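Hello,

Here is the structure I promised to pass on to you. Please open it beside this email and follow along as you read.

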Amino acid sequence: MKLTERLVISFKKSKSDQFFWDDALPGFGVRVKPSGVKSYLIQYRNADHVSKRFTLCKTTELKLEDARKRAARHLADVKDAKSPADPAAERKERRQAATIGDLCDRYLSDHAEVHAKPRYLK
């Protein structure tokens, strides 16, 4: 089925996640969670041929056509192996990146404790 705004609005929640895939753009669809939250997503295979799902945004944040365009860009990047070739992996890397707290701890242990006076460390 080709997804339309009216069709997306009509999707109802159920006991498990439901997926509705778009015929106009293979790999693009809508997920409806048991809570009733609806999200646009893409499903693709990364360079290792592992199937991945990447949530673009909630359906309330973007219109369907804008989400379809964004999905087409992501899917084209995956197919062409451009950076980011795997949007889900890039998102995971960003979440695991060092935080300001980590940097502060590193500063204290690597620099301040070595070079600073004890009064400064207090």
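Below is what I found, going from the whole chain down to single residues.

Before anything else, please keep in mind that this is a predicted model.

**The chain as a whole**

A good place to begin is the secondary structure, which comes to five helices and four strands. Reading from the N terminus, the order is α-β-β-β-β-α-α-α-α. The radius of gyration is 21 Å, whereas the globule rule gives 14 Å for 122 residues, so the chain is more spread out than a compact globule. You can also picture a box drawn along the principal axes: the C-alpha atoms fill one of roughly 70 × 35 × 25 Å.

Buried residues make up 27% of the 122 residues. As for contacts, take those with a separation of 6 or more: 31% of them are between residues 24 or more positions apart. The surface that the chain exposes is about 8,800 Å², and carbon and sulfur atoms supply 52% of that area. The chain has 27 positive and 17 negative charges, and the mean positions of the two groups are 6 Å apart.

**The nonpolar core**

Next, have a look at the largest nonpolar core, which has 20 residues. Leu3, Phe11, Phe28, Val30, Tyr40, Ile42 and Leu56 are the members that touch the most other members. Which elements each supply at least two residues of this core? They are strand S2 (28-32), strand S3 (38-45), strand S4 (51-58) and helix H2 (64-80). H2 gives the most, with five residues.

**Glu5 and Leu64**

Now for some single residues. Glu5 lies in helix H1, which covers residues 5-10. With a relative accessible area of 37%, Glu5 is partly exposed. Setting aside residues up to four places away in sequence, Glu5 touches Tyr40, Lys63, Leu64 and Glu65. Ala88 is 83 residues from Glu5 along the chain, and their C-alpha atoms are separated by 26 Å.

Leu64, one of the residues that Glu5 touches, lies in helix H2. Is Leu64 buried or exposed? Its relative accessible area is 3%, so Leu64 is buried. With residues up to four places away in sequence again left out, Leu64 touches Leu3, Thr4, Glu5, Phe28 and Tyr40. Three of these names may look familiar: Leu3, Phe28 and Tyr40 are among the core members that touch the most others. If you would like a distance to try in your viewer, Leu64 and Asp17 are 20 Å apart from C-alpha to C-alpha, and 47 residues apart in sequence.

**Ser39 and Lys58**

This pair takes us to the strands. Ser39 has its place in strand S3, and Lys58 has its place in strand S4. At 6% relative accessibility, Ser39 counts as buried. Lys58 has a relative accessible area of 41%, so this residue is partly exposed.

Which residues does Ser39 touch, not counting those up to four places away in sequence? They are Gly29, Val30, Arg31, Thr55, Cys57, Lys58 and Thr59. For Lys58, counted in that way, the residues touched are Val37, Lys38, Ser39 and Tyr40. Lys58 and Val32 are 26 residues apart in sequence, with 9.9 Å between their C-alpha atoms.

**Glu113**

The last stop is Glu113, whose place is in helix H4 (residues 100-115). Why does Glu113 count as exposed? Its relative accessibility is 54%, and exposed means over 50%. Leaving aside neighbours within four places in sequence, Glu113 is in contact with Leu108 and Leu121.

If you want a route through the model, start with the 20 residues of the core, go on to Leu64 in helix H2, and finish at Glu113 in helix H4.

Happy exploring, and do write back with any questions.

Best wishes

Technical notes: Residues numbered from 1 in each chain as written. Predicted model: local features only at pLDDT ≥ 70, side-chain atom pairs only at ≥ 80, totals over all residues. Heavy atoms only, no water. Rg over C-alpha atoms; globule rule 2.2 N^0.38 Å. Buried < 20%, exposed > 50% of the residue type's maximum accessible area, 1.4 Å probe, protein only. Contact = heavy atoms within 4.5 Å. Areas by Shrake-Rupley, 256 points an atom, 1.4 Å probe, with all protein chains shown as cover. Lys, Arg positive; Asp, Glu negative; His and termini not counted. Charge placed at Lys NZ, Arg CZ, Asp CG, Glu CD. Core = buried A, V, L, I, M, F, W, Y, C linked by side-chain atoms within 4.5 Å.
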